[in-house]
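Q: Please take a close look at one helix of this protein and describe its geometry, its burial and what surrounds it.

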Amino acid sequence: MTVEIKLSGSQMSGLSTTSERSASLAMWRGTLHRCPKCGQGQLYNRYLKVVDSCTECGQELHHHRADDAPPYFTIFVVGHIILAGVLALEQAYAPEAWVHAVIWIPATLVMSLAMLPRIKGALVGLQWAMRMHGFDEDSNRPV
Ligand SMILES: [Zn+2]
């Protein structure tokens, strides 16, 4: 059984012309430092500097407003991992304090610097998928 629906031009004008955006795919692409829309173009042109627009698909990316969220989530994740490691090492071997310092200070720095751009990329991808902060092309369309 086939149902055919025909819409006139006036009925079509009320429909959104934009397609659905997968938040999980966009966040994954951002985690890989890729454009959340096409997954091909680079997200950053420096360590944490998001490009103004994608070189592959032209998607404008300057709309993002990640602000303090990436450092917040990075501290949250890294803090929990490091704390679990400190407690496990202390329970198992009870080493002296300098051993903890030698292990966990560099581990904290490396993990934070590695995770920060990935978490920021995921948040930019989420903002793009949720059409936040100017990522909705229809927001400037006259009503
Ligand atoms: Zn792109």
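Q: The part I have in mind is helix α4, residues 97–129. What is the span of helix α4, where does α4 bend, and which of its residues are buried?

A: This is a predicted model, in which local features need pLDDT of at least 70 and side-chain atom pairs count only at pLDDT 80 or more, while totals for chains, interfaces and linings use all residues. Residues are numbered from 1 along each chain as its sequence is written.

For context, the protein has 4 helices and 0 strands, where helices (H or I, at least four residues) and strands (E, at least two) are DSSP runs numbered from the N terminus. Helix α4 has 33 residues, and at 1.5 Å a residue (the expected span being 1.5 Å times one less than the number of residues) it should span 48 Å, which agrees with the 45 Å between its end C-alpha atoms.

The helix bends by about 30° at Met115, and a proline, Pro117, follows within four residues; the bend at a residue is the angle between axes fitted to the seven residues ending there and the seven starting there. Just after α4, Arg131 takes a positive phi of about 60°.

Pro117 is also one of the buried residues of α4, which include Ile119, Ala122, Leu123, Val124, Leu126 and Trp128; a residue is buried if 20 or more other C-beta atoms, placed from the backbone, lie within 10 Å of its own, exposed if 12 or fewer, and partly exposed in between. The buried residues of α4 pack against α2 (23–31) and α3 (69–93).

On the side of α2, the buried residues are Ala26, Met27, Arg29 and Gly30. Seen down the axis of α2, these fall within an arc of 160°, so they line one face of that helix, the arc being that of the directions from the helix axis to the C-beta atoms. What covers them includes α4.

The two helices also meet in the largest nonpolar core, since α2 and α4 are the elements that give two or more residues to it. This core, a set of buried Ala, Val, Leu, Ile, Met, Phe, Trp, Tyr and Cys residues joined through C-beta atoms within 7 Å, has 16 residues, and α4 gives the most to it, with 7 residues. Among those with the most contacts inside the core are Ala26, Ala122 and Val124.

Leaving aside its neighbours within four places in sequence, Val124 is in contact (C-beta atoms, placed from the backbone, within 7 Å) with Gly30, Pro36, Leu43, Val50, Leu61, His64 and Ala66.

Key: Two residues are in contact if their C-beta atoms, placed from the backbone, lie within 7 Å.
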